[in-house]
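Q: I'm new to this structure and would love a close look at a single part of it. Could you take me through the surroundings of one cysteine and then follow the links outward from there?

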Amino acid sequence: MPPEIDLARRGLLRGKIGATPPVVQLPWSVDWSAFVSGCTRCGDCLTACPEQIVVLGEGGYPTVDFLRGECTFCQQCATVCKAPLFRPTTEAPWRYKAHIEASCLASAQVFCQRCQDSCEPRAIRFIPELGRVPTPTVDDQRCNGCGACVQDCPVGSIKVDGRSVALG
Ligand code: SF4
Ligand code: SF4
Ligand code: SF4
């Protein structure tokens, strides 16, 4: 088989395997279809991440798992990658934001403010309400999508993803 046909086939196959973008792509990574075309699945970004939050997702492509920890935006994953799969780190790493689900303990009138304590940019605030426990709210302007709050929520009520915002 001519090498160019082989390459085209491999490209198609990769496109198929990684058709669905993960919930969280690596910080500064390019659009998912371009990422899948160029990523060799070498695993360098996994070993480079000091927080060990980069894991293999569908098709063996890297993704971020905030249940393992937070992204410190250290840039190691972007720096170690030999392929041109990352935007300049002078740009914003991503547009992910935290979302608090209805299963939050405050909805059941159980006092908990752990997420507030884990949020360094002070994006999570609690709104006092007479006769009820305060409920958390996320300030999108402050949230940088680091994911620190995800692991710290005792009932798994926080998701960080790109819903309602376009991924850059
Ligand atoms: S920026 Fe650093 S902490 Fe965040 S995913 Fe990349 S290597 Fe891990
Ligand atoms: S993702 Fe990070 S910045 Fe956003 S609310 Fe959670 S801890 Fe705060
Ligand atoms: S840590 Fe979880 S359960 Fe506790 S207030 Fe925050 S979102 Fe709710």
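A: Happy to! Let's start at Cys71, which touches Pro27, Ile53, Phe66, Trp94 and Cys146, leaving out residues up to four places away in sequence. Please keep in mind that this is a predicted model. Cys71 sits in the loop that runs between β2 (62–64) and α4 (76–80). Is Cys71 buried or exposed? With a relative accessibility of 10%, Cys71 counts as buried, because anything under 20% falls in that class.

Cys74 is found in the loop between β2 and α4 as well. Cys74 has a relative accessibility of 35% and therefore counts as partly exposed, since that value lies between the 20% and 50% limits. The UniProt record, an unreviewed entry, places a "binding site" feature at Cys71, Cys74, Cys77 and Cys81.

Which residues of the model are closest to ligand 1? Ligand 1 has 13 residues around it, and the closest are Cys49, Cys71, Cys74, Gln75 and Cys77. Sorted by class, this shell holds nine nonpolar residues, three polar ones and one charged one.

Cys49 takes us to another stretch of the chain. Cys49 lies in the loop between α3 and β1 (54–56), and it is buried, with a relative accessible area of 10%. UniProt, again in an unreviewed entry, gives the annotation "binding site" to Cys39, Cys42, Cys45 and Cys49. Of these, Cys39 belongs to the loop between α2 (32–38) and α3 (44–48). Cys39 is buried too, at a relative accessible area of 7%.

Now back to Cys71, to follow its contact with Cys146. Seen from the other side, Cys146 touches Phe66, Glu70, Cys71 and Phe73, again not counting residues up to four places away in sequence. Phe66 is thus a contact of Cys71 and a contact of Cys146. Cys146 lies in the loop between β5 and α6; its relative accessible area is 10%, so it is classed as buried.

Cys143 is likewise found in the loop between β5 (132–138) and α6 (148–152). Cys143 is buried, with a relative accessible area of 10%. What does Cys143 contact, leaving aside its neighbours within four places in sequence? The contacts of Cys143 are Lys97, Ala98, Ala123 and Val138. In the UniProt record (unreviewed entry), Cys143, Cys146, Cys149 and Cys153 are listed for "binding site".

This part of the chain also borders ligand 2. Ala98, Cys119, Pro121, Ile124, Cys143, Asn144, Gly145, Cys146, Gly147, Ala148, Cys149 and Val160 surround ligand 2. Their classes come to nine nonpolar, three polar and no charged residues.

Two members of that shell, Ala148 and Cys149, lead on to Ser118. Ser118 touches Ala148, Cys149 and Asp152, with residues up to four places away in sequence left out. Ser118 is part of helix α5 (residues 114–118) and is buried, with a relative accessible area of 16%.

A little further along the chain comes Cys153, which is placed in the loop between α6 and β6. Cys153 is buried, at a relative accessible area of 14%. Cys153 and Gln116 stand 37 residues apart in sequence, while their C-alpha atoms are 9.8 Å apart in space. Cys153 is also one of the residues around ligand 3, which include Ile100, Cys104, Cys112, Arg114, Cys115, Pro154 and Ile158. The shell around ligand 3 divides into eleven nonpolar residues, no polar ones and one charged one.

Our last stop is the largest pocket, with a volume of about 200 Å³. Phe66, which we met as a contact of Cys71, is among the residues lining this pocket. Others in the lining include Val23, Val64, Leu67, Val150 and Gly156. Strand β6 (residues 158–161) gives the most to the lining, with four residues. Those four appear in the lining as Ile158, Lys159, Val160 and Asp161. By class, the lining is made up of eight nonpolar, one polar and three charged residues. Ile158 is also among the residues around ligand 3, and Val160 is one of those around ligand 2.

Notes: Residues numbered from 1 in each chain as written. Chains lettered and ligands numbered in written order. Predicted model: local features only at pLDDT ≥ 70, side-chain atom pairs only at ≥ 80, totals over all residues. Heavy atoms only, no water. Near = heavy atom within 4 Å. Nonpolar A, V, L, I, M, F, W, Y, C, P; charged D, E, K, R; others polar. UniProt positions renumbered as here; feature names shortened; annotations may be inferred. Helix = DSSP H or I, 4+ residues; strand = E, 2+ residues; numbered from the N terminus. Buried < 20%, exposed > 50% of the residue type's maximum accessible area, 1.4 Å probe, protein only. Contact = heavy atoms within 4.5 Å. 1 Å grid on protein atoms, 1.4 Å probe; cavity = no way out; pocket = protein on both sides within 12 Å on 5 of 7 lines; lining within 4 Å. Points joined across faces, edges and corners; volume = space filled by probe spheres on them.
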